[in-house]
Structures are given as structure tokens and as C-alpha cells.
Amino acid sequence: MIRGGRCECFLPLSSPEDSAADSSTWWRPERDRDPGPRVRAVARWGEDPEQRRVVRVPGGWVEEGSMVNFYQDRTPPMPWDRTGKCWANRPHAVVEVRADADGWRVSRPFTARHPALVEPRRAESAVVVGEARAVRS
């Protein structure tokens, strides 16, 4: 059951473009291509990356963090298009995260999702944020 724009997992169903306060680089993995090796880790939008994040490994992506399954070392890597799915099997936007001296944080570059990352076969139906937004301090 969905209430107030939130999923059963309590994450927002909207994308970061709907929030003027968010200037993170983001993707909808169920329709956007993998951004490539430059992006090392992502978190579902609205989720704390310290508790749960998805990190690139050889052969795919694995979940890490304090709220992750204790059997993660036995779980095979997932494909990119699964990185946004929650336990309720609903797709969510993911934002780039990076480790710094204080732990994992949402990356805040000045660009929004890049239109070139949208799969050509789905570009006509994809919602793409084409304008860059200024970094907020």
C-alpha cells in the first residue's frame, strides 16, 4: 500500500527532480543505463548511505551498510537495474554517494541526471532533467 507518495518501504516514490533542495546526480536504474565505472556507489533516494548503499564490484553491484543482510558475502552481485529496487520490489531513484572522512555522504555535484545516460530505446518515454542546477551550500 502506498501512502502520501511513499512506498511500503517508506522511501519516497518521487525522484530528486521533484525536490528543489536536492542537486545530486541521480538515475532511475530500471530505465537509465549504468553510468559507468566513474560511479562507485549509489543509495536509494531518501535512504541513509551509512545504513544501506549499493557499491560497484566486479560483475555487478552489492549492498553494504549497517542495515544490510548479514549474508551479503554469499549473495551474488546484482545487475544495475536492480540497484533501485527496495524490499517491496518497487523501483526508486538512486543518487551517487561517496565516502569522505566522516563516512558515506550523498554526492552533490552541480549537474542533474545527464540525458546521455538514458537508454536510446526508451528515451522517448523517459523524463530527463536537462538543466544543470547550482550547488547549494
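This is a short tour of a predicted model, with a residue or strand to select at each stop.

**Stop 1: the cysteines**

Select Cys7 and show its side chain. Cys7 takes part in no disulfide, and the nearest cysteine sulfur, in Cys9, lies 3.7 Å away. With a relative accessibility of 3%, Cys7 counts as buried.

Now select Cys9 together with Cys86. Why is there no bond here? The closest cysteine sulfur to that of Cys9 belongs to Cys86, and at 3.6 Å it is too far for a bond. A disulfide needs two cysteine sulfur atoms within 2.5 Å. Cys9 counts as buried too, at 14% relative accessibility. For the whole structure, the number of disulfides is zero.

**Stop 2: strand S2 and its partners**

Select residues 41–44, which make up strand S2. Are the residues on its two faces buried or exposed? Ala41 and Ala43 point to one side, Val42 and Arg44 to the other, and all of them are buried, so both faces are covered.

Add residues 53–57, strand S3, to the selection. S2 and S3 run antiparallel and are joined by two bridges. To find a matching pair, pick Ala41 and look across to Val55 in S3, which stands opposite.

Next add residues 94–100, strand S5. S5 also pairs with S2 in the antiparallel sense, here over three bridges. For a pair on this side, pick Ala43 in S2: its bridge partner in S5 is Val95.

**Stop 3: Asp32 in a loop**

Go back along the chain to Asp32. Asp32 sits in the loop that runs between strand S1 (26–27) and S2. Although it is a loop residue, Asp32 counts as buried, with a relative accessibility of 0%.

Keep Asp32 selected and add Trp80. How far apart are the C-alpha atoms of Asp32 and Trp80? The separation is 9.2 Å, while their positions lie 48 residues apart along the chain.

**Stop 4: salt bridges**

The structure holds ten salt bridges. Three of them can be picked out by name here.

Select Glu30 and Arg28. Their side chains meet in a salt bridge, with 3.2 Å from N to O. Glu30 is partly exposed at 25% relative accessibility, whereas Arg28 is buried, with a relative accessible area of 9%.

Move to Asp34 and Arg56. In this salt bridge the closest N and O atoms are 2.7 Å apart. Which parts of the chain does the pair tie together? Asp34 belongs to the loop between S1 and S2 and Arg56 to strand S3, so the pair links parts that are 22 residues apart in sequence. Asp34 is partly exposed, with a relative accessible area of 30%; Arg56 is buried, at 16%.

Then select Glu96 and Arg98. They form a salt bridge whose closest N and O atoms are 2.9 Å apart. Glu96 is buried, with a relative accessible area of 2%, but Arg98 is partly exposed, at 44%.

**Last stop: a network**

Finally, select Arg44, Glu47, Arg52 and Glu63 together. Salt bridges with shared partners join these four residues into one network. Arg44 has already appeared on this tour, as one of the buried residues of strand S2.

Key. Residues are numbered from 1 along each chain as its sequence is written. This is a predicted model: local features need pLDDT of at least 70, side-chain atom pairs count only at pLDDT 80 or more; totals for chains, interfaces and linings use all residues. Side-chain values use heavy atoms; hydrogens and water are left out. Buried means under 20% relative accessible area, exposed over 50%, partly exposed in between (1.4 Å probe, protein chains only). Helices (H or I, at least four residues) and strands (E, at least two) are DSSP runs, numbered from the N terminus. Two strands pair if DSSP finds at least two bridges between them.
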